[in-house]
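Please open the structure in your viewer and keep the selection tool at hand. The tour goes from one selection to the next, and at each stop the text says what is there.

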Amino acid sequence: MNHQRHRDRRDFQPACPGCCLDLIQQDPLAFTKLVDSGCEGLAELADTHSSLVQAQLLRAAAKEPMVDPNQAGAHRFVAWMGSLRSSPRVARSLPVASAVAVGLARAKQRKQPHARLGWENHVLQKIATHVDEATADLWCDIALLAAASRDHVAAAGIRARIEKHAKRRVTVWARSLEWLLVVGPQLGGFDIAITMALAERHSSVRGALMRSTKSDVLEVQQRAEGIRALSRGSGPLEVKLLDTVVGALDARRHTFPRPLDAPSSTWLASHDLEDQIRGAVSKTLPDFKDFVDTSGGLEEEQLTATLLQQLVQRLSQVSDTGHWVQADSPDIELASRQVTKKEESTTGADIGIVVDVQASGQLRMRWGDLVQVKKADALIPSRPRRDAWRIHRNQLHKLLEHSPTAAYWLILGDGDLLVVPAKYLAAMSNATERQADHLLVRRCDVRHVAVPLAHYLTDLIVGMWLGGNDEATLSAAEGRTPGNRPRQVLGITVTVPRREDNQPFRLHG
């Protein structure tokens, strides 16, 4: 019997639930395949093995974002719910999961009122009347909160609504706790503070938290144990909650604690902000190393685009975390764009960096710089497995013609990254045989002059040590110079409000 064909009741056979159970027990990936196929047998299986099906749905939810109503297409969990002919029956077997699906569908409908929503409409038509309305409303707000991560004014209103809902309907929060623990990381840990506050006063939440520590779903179990560990600390609840939020903030910093406070390293004059940016950039590298480990054979252009995307994502989290502690904390966003295919034929650099500073009555400047990205021979199958890079001499000198402070980002075989001044490589080139088109640079040649990416971007680029504000450099960095257009342009905007009472500068994107 082929489960992939069970999309309606005509294909369903009485033995299907048992077959589904056998498949799930034999193959960890079988459940996702059955969900994607719209298998009716899972609906029947939920009648007798609801906890098993619920655990499998939670595992699937932990592996991919499920509370972003801006994403294209329906989440597989919502699509499966909408495809079932026995949807009301599933709503009885899996009441919380069904309410979650309805809430996600409503959020998608509110965020995209004019879009053609297929499975979401099926869920709203077939399941909405069979689920707990308060639970569905809670999950609609949770999905809307995920969509408002960049709009802090809207997010503040949604958070307030969720907190009010949780206090009035504590049992709803308790019943939804496993699902909240799964999606919590997708919301910046918003669930932690509310769960701790409710567990302090309500036995239903404490009981749900205790049960979650014994969950078969690892993500649920670990986060539940973490919240209980935080709650068991001595002291008032307010102090515990503050410790939790501050801990999340400190985790994004590059170094903590700082027993001896030194002068700020940039004109921003803000230790916290500089360190959060530096820490976010540092934490991008493990993600990039994982990507290189599986995809290091890709072209340098693709590796560069992935690295910039990960930088943008990590730095956006700095702003989200800061707003937990201070409502008017800075927004930090980097924007990257890729040049058109027509422009690629004239590419000179891989990355153009443009920094735009606007400080009312104090500072106003734009400057740019150029970056060339090279991956090690170890990542090129046809070359020796070594941390060495082939630098095109003509490309190197062309880069320096447009920016004397241009840099090379050298990707190591393990995915780590070194930043080296282009003029240092030019000095090596000048001292070696110049008849060859390439300069071979080994790791031992640059290990003393190289700096980490976090130091380069924060202290040197944002700190104004590197880059030029002349028209030639800016034109090249922005992609306006024929024959030297970068493949990617990284824009950094620094907006500084008018300073009062010697308050530090703030970064805004």
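How many aromatic pairs does a search of the whole structure find? The search finds 1 aromatic pair, and in this predicted model that pair makes a good place to begin.

**The aromatic pair**

Select tryptophan 409 and tyrosine 456, whose ring centres are 6.0 Å apart and whose planes stand at 85°, so the pair is edge-to-face. Because tryptophan 409 belongs to strand β5 and tyrosine 456 to helix α23 (residues 453-462), the pair ties together parts that are 47 residues apart in sequence. Tryptophan 409 counts as buried, at 0% relative accessibility, and tyrosine 456 is buried as well, with a relative accessible area of 1%.

**From β5 into its neighbouring strands**

Now select strand β5 (residues 407-411) together with β3, and you will see two strands that pair in the parallel sense over 5 bridges. To find a point of reference between them, pick glutamine 372, which stands opposite tyrosine 408 in β5.

Then add strand β2 (residues 351-359), which is joined to strand β3 (residues 363-375) by 9 bridges, with the two strands running antiparallel. Here the residues to pick are valine 355 and, opposite valine 355, tryptophan 367 in β3.

**The loop after β5**

Where is aspartate 416 placed? Select aspartate 416 and you will find this residue in the loop between β5 and β6, where aspartate 416 counts as partly exposed because its relative accessibility is 26%. Add leucine 285 to the selection: aspartate 416 and leucine 285 are 131 residues apart in sequence, while their C-alpha atoms are 6.7 Å apart in space. Leaving aside residues up to four places away in sequence, aspartate 416 touches Leu285, Lys289, Leu410 and Ile411.

**Helix α21 and what covers it**

Next, select helix α21 (residues 422-430) and colour its buried residues, which are Ala422, Leu425, Ala426, Met428 and Ser429. If you turn the view to look down the axis of α21, these buried residues fall within an arc of 155°, so they line one face of the helix. Which elements should you show in order to see what covers the buried residues of α21? The cover includes the strands β4 (388-392), β5, β6 (417-421) and β7 (438-442), along with the helices α20 (393-402) and α22 (443-446).

**A histidine in helix α10**

Move on to helix α10 (residues 152-168) and select histidine 165, which lies in this helix. Is histidine 165 buried or exposed? Histidine 165 has a relative accessible area of 15% and is therefore buried, given that buried means under 20% relative accessible area. From there, the side chain of histidine 165 reaches the backbone oxygen of alanine 134 at 3.2 Å. Apart from residues up to four places away in sequence, histidine 165 touches Ala134, Asp137, Leu138 and Val172.

**The whole protein**

Finally, clear the selection and show the whole protein, which has 24 helices and 8 strands. Of its 509 residues, 51% count as buried, and the accessible surface comes to about 24000 Å², of which 50% belongs to carbon and sulfur atoms. Among the contacts in the protein with a separation of 6 or more, 67% are accounted for by residues 24 or more positions apart.

Note on methods:
Residues are numbered from 1 along each chain as its sequence is written. This is a predicted model: local features need pLDDT of at least 70, side-chain atom pairs count only at pLDDT 80 or more; totals for chains, interfaces and linings use all residues. Side-chain values use heavy atoms; hydrogens and water are left out. Two strands pair if DSSP finds at least two bridges between them. Helices (H or I, at least four residues) and strands (E, at least two) are DSSP runs, numbered from the N terminus. Buried means under 20% relative accessible area, exposed over 50%, partly exposed in between (1.4 Å probe, protein chains only). A polar contact is a pair of N or O atoms within 3.5 Å; within protein, one must be able to donate a hydrogen and the other to accept it, and residues adjacent in sequence count only if both atoms are side-chain atoms. Contact means heavy atoms within 4.5 Å. The arc is that of the directions from the helix axis to the C-beta atoms. Rings of Phe, Tyr and Trp (its six-membered ring) pair if their centres lie within 6.5 Å; planes under 30 degrees apart count as stacked, over 60 as edge-to-face and the rest as tilted. Accessible areas come from the Shrake-Rupley method with a 1.4 Å probe; for residues, only the protein chains shown count as cover.
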